[in-house]
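Notebook open, model loaded. I'm jotting down what I look up as I go, strands to begin with.

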Amino acid sequence: MPTKYSLFLFFVLSTVSAQTDATMLDRIHRTALTQGKCYQWLDTLSNRIGARLSGSESAAKGVMYTKSQLDQLGLDNVYLQEVMVPKWERGEKEVAYLNLGDKRLELSICALGMSVATPMAGLEASVIEVQSLDELKALGSEKVKGKIIFFNRPMDPEQIETFRAYGGCVDQRSSGAREAGKLGAVGVLVRSMNLRLDDLPHTGMTNYGDTPENLRIPAAAVSTSDAEALSKALKKFPKAQLYFR
């Protein structure tokens with residue numbers, strides 16, 4: 001049974017320990033605020049070294065930079081481990097235009113994630129604009145076969161919750177290539193999921209499901225501004241050929 005003296009000693013030691021912890025935490029806090037290098041490290045990693053996709057040269061530079069900083073801090077057990085990672089490299093920039101005879105309507109596009117590639121020379125075909133998967137299916141294979149399908153349903157600006165506007169039209173991006181391919185289309189362009197009108201095509205994933213690889217068709221997003229321009233041009237030149245690579 002502890003005596004009043006041992007209890008008093010425990011209380012004193014606990015108080016000293018608490019004060020010591022508080023003092024140490026205060027020192028750490030002050031040092032972090034006055035001598036911290038977090039923003040310098042972040043600036044170097046983000047702006048000087050840049051994008052660090054796995055397996056890229058910049059990713060390797062980022063690893064070596066981080067190790068050097070940890071070494072400089074004096075940590076006693078800093079080492080590197082080998083690891084296998086997937087590596088992806090972007091090919092040539094995507095190209096697209098609507099051929100209007102003596103001139104072209106240039107389009108800003110970006111391949112959708114998981115899309116198969118076009119042939120090396122690209123592909124060219126007439127275009128059918130649709131607003132939904134249901135409209136596509138209603139056309140049937142007779143009208144769709146050999147065509148490029150252009151999904152042009154915009155996000156609904158009246159939706160207060162932006163994600164509802166996004167969810168209301170993203171099915172054309174995720175399923176458009178799969179459903180158009182089933183009907184014999186040769187390619188798909190999808191209006192970018194974006195409420196603004198701008199020249200920046202937004203990528204995102206498309207899903208082929210269990211479609212055999214030899215039946216998958218290439219799919220790309222087109223900027224919202226160019227989607228508007230393409231729609232207007234197709235009304236005037238409905239038989240115009242669209243090329244993309």
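Asn-99 sits opposite Arg-104 in β2. I'm using strands as DSSP E runs of at least two residues and helices as H or I runs of at least four, numbered from the N terminus. Two strands count as paired if DSSP finds at least two bridges between them. β1 is joined to β2 (residues 104-106) by three bridges, and the two run antiparallel. I see a hairpin here, with four residues between β1 and β2. In the turn, Gly-101 has a positive phi of about 85°.

Before going on, a note on ground rules. This is a predicted model, where local features need pLDDT of at least 70 and side-chain atom pairs count only at pLDDT 80 or more, while totals for chains, interfaces and linings use all residues. Residues are numbered from 1 along each chain as its sequence is written, and side-chain values use heavy atoms, with hydrogens and water left out.

**Other partner of β1**

I then looked at β8 (residues 241-244), which β1 (residues 96-99) meets through four bridges, running antiparallel. Tyr-97 has Tyr-243 as its bridge partner in β8.

Next I checked Val-95, in the loop between α3 (57-72) and β1. It touches Ile-109, Tyr-243, Phe-244 and Arg-245, not counting residues up to four places away in sequence; contact means heavy atoms within 4.5 Å. So Tyr-243 turns up twice in my notes, as a contact of Val-95 and as the bridge partner of Tyr-97. Val-95 is partly exposed, with a relative accessible area of 26%. My cut-offs are under 20% relative accessible area for buried, over 50% for exposed and partly exposed in between, with a 1.4 Å probe and protein chains only. I also looked up Val-95 against Asn-207: they are 112 residues apart in sequence and 22 Å apart in space, C-alpha to C-alpha.

**β6 and its neighbours**

How many of the residues of strand β6 are buried? Five of the five in β6 (residues 187-191) are, so the strand is largely enclosed by the rest of the structure. I checked both faces: Gly-187, Leu-189 and Arg-191 are buried on one side, Val-188 and Val-190 on the other.

β5 and β6 run parallel and are joined by four bridges, with Phe-150 opposite Leu-189. β6 also pairs with β7 in the parallel sense, over four bridges. There I find Arg-191 standing opposite Val-222.

**Two exposed loop residues**

Lys-145 lies in the loop between α4 (133-144) and β5 (148-151). It is exposed at a relative accessible area of 63%. Still, it touches Leu-183, Gly-184 and Ala-185, leaving aside residues up to four places away in sequence. Lys-145 and Gly-184 are 39 residues apart in sequence, and their C-alpha atoms are 4.1 Å apart.

Met-114 caught my eye with a positive phi of about 75°, although it is not a glycine. I place it in the loop between β3 and β4 (123-130), and it counts as exposed at 62% relative accessibility.

**Pockets**

For a pocket I take, on a 1 Å grid over the protein atoms alone, an open set of points where a 1.4 Å probe fits, with protein on both sides within 12 Å along at least five of seven lines; lining residues have an atom within 4 Å of a point. The largest has a volume of about 670 Å³. Of its 25 lining residues, Gly-91, Glu-92, Glu-94, Ala-111 and Ala-117 are the closest to its centre. β3 (109-111) and β7 (219-222) are the elements giving two or more residues to the lining, and β3 gives the most, with three. I get 14 nonpolar, five polar and six charged residues there.

The second largest pocket has a volume of about 160 Å³. Its lining includes Ser-54, Met-64 and Gln-81, and divides into six nonpolar, four polar and no charged.

**Cysteines**

Why no disulfide between Cys-110 and Cys-169? A disulfide needs a pair of cysteine sulfur atoms within 2.5 Å. The sulfur of Cys-110 is 17 Å from its closest cysteine sulfur, in Cys-169, so they are too far apart for a bond. I count zero disulfides in the structure. Both are buried: Cys-110 at 13% relative accessibility and Cys-169 at 1%.

Terms used:
Points joined across faces, edges and corners; volume = space filled by probe spheres on them. Nonpolar A, V, L, I, M, F, W, Y, C, P; charged D, E, K, R; others polar.
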